[in-house]
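Student: Hi! Could you walk me through this fold? I'd like to start with the strands and then move on to the packing.

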Amino acid sequence: MLDIKFIRENKDIVKNACRVKNFPDVVDDILALDMRVRELKTITQTKTAEKNKISKEIPTSNDKASLVAKSKAISEEIANDMAELAEKEAALNDLMHRVPQIPSQDAPIGADESANIEIKRVGTPRKFDFTPRPQWELLEMNGWWLPEKIANICGTRVYALCGELAELELAVQTYVIQKLISKGFKYIECPSITKPQTIFNAGHFMGSDLSVMNNDVFMLTDTDRCLAGTAEIIINSLYADEILNENDLPMKFAGFSPCFRKEAGAAGRDTRGIVRVHQFNKVEQYIFCKPEDSDKMHESLLNNLCEIMEDFELPYRVIVACTGDMGFNKVKMNDVEAWFPSENTYRELGSCSSIGQFQARRTNTRYRENASGEVKFVATLNNTGIALPRALVPIIENHQNADGSVNITQKLQPLMGGRTKIGGKH
């Protein structure tokens, strides 16, 4: 969320953010409520002081009954004012959580992904001398999954990988974790079960009504828990209500967790194969840093994922997301998209996002400056390390052979027992 002081002093900037990000403009309502809340606080403080003064006078007064009656009347007024204050503060809190993050001045202005801009392209899509198979055909012919059995047991949009492809998934995951550890990230295995407030604190949903998450989040019936869709959710709240030392920043985490998403808004898309499923595994890059270091950290996170694409020998491109596509809580966002031969296009494998102090205000995560002793909110950033099984799709499609086997890239061979390929007729 944004600072109310910032909204008061930068009304037009905040209104513009609502406009370019395609969110309702509630700024005028916020300012009106804020004014009334401050007014009510002053009124109740004044009346409370008056009541306290009367209370001190009662013991020595010759007209105790009159003062007691006056004190009672003021108490009733205070109670009414406090009730209105609570109502107005709740309404203000809800609206404050409906204001989007201010996008970077460098972000392209646009309504949707059609306004995104490609800024980098690495590698050339392979020209096959045979008709390449789509992911589901490679999975089927090599016995790498059990779609019918799992659908009967677990329902649709879930998967189970078997044999060598399951080994490859583990190798990819392990490689990325080891790479991030070598770059100074602290590895953390995150739980997938959490409290709804934790998801809300990450700033992906608007308002203060937690039920808004029900279309996207698996809620655990008859409990106060739900399933998280990314390790970002857990890591973001690790230092809630704490004051960190400046010397400890930046704090870098490589968080692994099983992830769960309803994907309710994606009905009918990617129903074949393993691109879009309800449960998947992801390694997430996450950083707490000083706000002035955010741009540098963003480039570092983005570069890590680009290196991973190159390590896996995948043609890829980098996209700058426009204001209408970057989402509610982001200052700026870059997507990294790999080439999917079966679709003859690039598709997103990770999103690198600068969140500014938006999440930290929700979690109250701060740090103390060494020089001034001043306490400030940290900035947070995140980017995918790798998301599986989605990332397996470009890996097996780009490196397939005519017989259905898949070549193992050099970086992954040591984690695959030295094998150079899997599947096919070998």
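Student: So how many strands form the open sheet, and in what order?
Tutor: Eight strands, in the order 1-8-9-10-13-7-6-2, with mixed pairing. Keep in mind that this is a predicted model.

Student: Which strands sit at the edges?
Tutor: Strand 1 (117–122) and strand 2 (186–189), each of which pairs on one side only. On average, neighbouring strands in this sheet are turned by 25° against each other, ignoring direction.

Student: In what sense do strand 2 and strand 6 pair, parallel or antiparallel?
Tutor: Parallel, over four bridges, with strand 6 covering residues 251–260. Isoleucine 188 stands opposite glycine 255 there.

Student: What lies across strand 13?
Tutor: Helix 10 (residues 294–311), which runs at about 5° to strand 13 (379–388). Helix 10 also lies across other strands, including strand 1, strand 7 (279–289) and strand 9 (332–340).

Student: Switching to packing: which residues touch the most other members of the largest nonpolar core?
Tutor: Leu168, Val172, Met309, Phe312 and Ile386, out of 55 residues in that core. Helix 7 (residues 163–182) gives the most to this core, namely eight residues.

Student: Where is the other core, apart from this one or joined to it?
Tutor: Apart from it; that other core has 24 residues, among them Ile199, Cys226, Ala231 and Met251.

Student: Back to isoleucine 386: what does that residue touch?
Tutor: Leaving out residues up to four places away in sequence, its contacts include Val172, Val176, Ile308, Met309 and Phe312. Gln173, Asn281 and Lys282 are also among the residues that isoleucine 386 touches.

Key. Residues are numbered from 1 along each chain as its sequence is written. This is a predicted model: local features need pLDDT of at least 70, side-chain atom pairs count only at pLDDT 80 or more; totals for chains, interfaces and linings use all residues. Side-chain values use heavy atoms; hydrogens and water are left out. A nonpolar core is a set of buried Ala, Val, Leu, Ile, Met, Phe, Trp, Tyr and Cys residues joined through side-chain atoms within 4.5 Å. Buried means under 20% relative accessible area, exposed over 50%, partly exposed in between (1.4 Å probe, protein chains only). Helices (H or I, at least four residues) and strands (E, at least two) are DSSP runs, numbered from the N terminus. Contact means heavy atoms within 4.5 Å. Two strands pair if DSSP finds at least two bridges between them. Axes are lines fitted to C-alpha atoms, for helices over the stretch in contact, and angles run from 0 to 180 degrees between N-to-C directions.
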